[in-house]
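Got your viewer open? Grab the mouse and let's take a short walk.

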Amino acid sequence: MANTPQEVLKYIKDNNIQMVDLKFVDMLGTWQHCTFYHDQIDESAFDEGVPFDGSSIRGWKAINESDMSMVADPTTSWIDPFYLEPTLSLICSIKEPRTGNPYSRDPRSIAQKAVEYLATTGLADVAYFGPEAEFFVFDDVRFDQTENKSYYYVDSVEGRWNSGREEEGGNLANKPGYKQGYFPVGPTDTMQDLRTEMLLVMAKCGVPIEKHHHEVATGGQNELGFKFAPLIQAADYLMTYKYVIKNVGKKHGKTVTFMPKPLFKDNGSGMHTHQSLWKGGQPLFWGDGYANLSDMALHYIGGLLKHAPALLAFTNPSTNSYKRLVPGFEAPVNLAYSQGNRSASIRIPLSGPNPKAKRLEFRCPDATSNPYLAFAAMLCAGIDGIKNKIDPGSSLDVDIYELTPEELSKVPSTPGSLEAALDFLEKDHDFLTSSGVFNEDFISNWINYKLDNEVNPMRLRPHPYEFALYYDA
């Protein structure tokens with residue numbers, strides 16, 4: 001819609017926009033916002049920023065140093081489709097108002113540092129990212145946790161478990177089977193029109209759209225696709241993607257979750273992340289090596305694989321993430337690369353003879369991650385691999401289900417829990433901090449926050465299934 005502050009302000013005036021909504025991402029990856037009357041937004045909003053209290057934002061400021069500024073990015077403007085009054089939306093980065101420096105715990109500012117770091121290396125001038133975030137659409141979700149009870153309940157009209165339900169006014173059947181939800185047409189796929197609306201609304205918000213389809217699991221698993229983009233733009237698009245999907249779902253009486261594993265015994269939701277480096281308008285991952293990869297691409301893979309156990313603290317940052325990453329299933333738990341094996345954590349998509357399409361796909365991440373942090377961390381790992389010429393080892397092109405236990409033991413695997421990933425991050429984060437992209441304060445704050453607010457609270461609570469296992473002990 002606009003590229004400069006002057007163009008944004010002119011658009012507000014010419015279109016009689018009354019309200020301007022400033023959005024920013026918190027440490028954990030959730031959008032926060034504050035809405036201003038239009039006369040509160042001038043050119044200073046794009047430089048000095050608009051002040052706000054940061055003390056109530058998770059993992060950020062103490063109350064005695066809470067003043068912060070939201071600095072609007074003029075290239076991110078769009079009319080918010082979910083507000084009654086026409087409201088211009090702008091995505092912000094966070095600045096320290098007293099020093100004018102980017103806030104060191106602001107994820108979008110960290111992502112900007114990663115982009116700047118790449119430029120200083122001279123290796124490339126653009127890092128492209130293309131995330132594929134899967135999600136579930138449910139009709140009813142309930143959960144509670146008190147001292148004497150704990151439960152969750154999710155339901156979907158598409159759920160195979162409802163094939164015998166009588167409360168539908170005549171059950172129309174056509175429920176996708178377990179692990180049979182990939183690409184069926186209607187009437188089995190009931191969400192065609194919903195996904196189309198989601199996709200078209202995303203386009204109105206400036207996201208370059210591609211496709212949509214039903215995903216593998218029963219119970220309403222879906223995916224929309226948008227085009228790859230430079231790192232920060234891709235993260236902005238993903239935040240818009242989640243925002244649009246959730247709010248279009250709510251409009252139709254549906255609820256959407258990006259939880260990696262909301263259903264037992266069916267596929268979880270991942271966020272396969274495509275990435276490549278370019279310089280001077282030319283792709284750098286095309287070459288004459290394995291799967292037509294360049295040495296640079298193979299070393300980038302080497303960096304991802306070496307640091308993957310620590311990376312997962314950012315790319316798979318929830319306790320629920322590790323209910324999806326379980327060995328023995330299609331989940332990408334094997335720290336290896338392959339041009340066809342989807343159980344490998346890095347896949348080289350079939351892209352034909354076009355060098356511009358050559359990329360790699362890191363399959364571990366899920367959408368509970370903060371995309372700015374996840375993309376920045378992956379880029380840092382890849383750069384470390386290139387700079388140190390890290391050998392990724394041999395590709396994993398065999399059927400892992402046919403490997404002997406001895407052979408399988410030689411293939412390294414992802415951490416089995418968030419706690420384990422945080423432990424790896426504590427031991428291995430120089431690849432993130434040596435460049436100044438992340439700092440020690442951020443790493444320690446992240447680890448402590450996750451332990452105190454997620455890992456340890458989960459450890460303290462009895463699980464409902466434990467009653468089935470142990471009540472009669």
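The tour has three stops: a helix, a strand residue and a surface patch.

This is a predicted model, where local features need pLDDT of at least 70, side-chain atom pairs count only at pLDDT 80 or more, and totals for chains, interfaces and linings use all residues. Residues are numbered from 1 along each chain as its sequence is written, and side-chain values use heavy atoms, with hydrogens and water left out.

**Helix α2**

Select residues 107-121, helix α2. (Helices are DSSP runs of H or I, at least four residues, and strands are runs of E, at least two, numbered from the N terminus.) Its end C-alpha atoms sit 21 Å apart, which agrees with the 21 Å expected for 15 residues at 1.5 Å a residue; that span is 1.5 Å times one less than the number of residues. Now colour its buried residues (under 20% relative accessible area, 1.4 Å probe, protein chains only; exposed is over 50%, partly exposed in between): P107, R108, S109, I110, A111, A114, Y117 and L118. Step just past α2 to G122, with a positive phi of about 75°.

**S89**

Next, pick S89 in strand β6 (residues 87-95). Is S89 buried or exposed? Buried, because its relative accessibility is 0%. Beyond neighbours within four places in sequence, S89 is in contact (heavy atoms within 4.5 Å) with D21, K23, T76, S77 and W78.

**V141**

Finish at V141 in strand β8 (residues 140-145). V141 counts as partly exposed because its relative accessibility is 32%.
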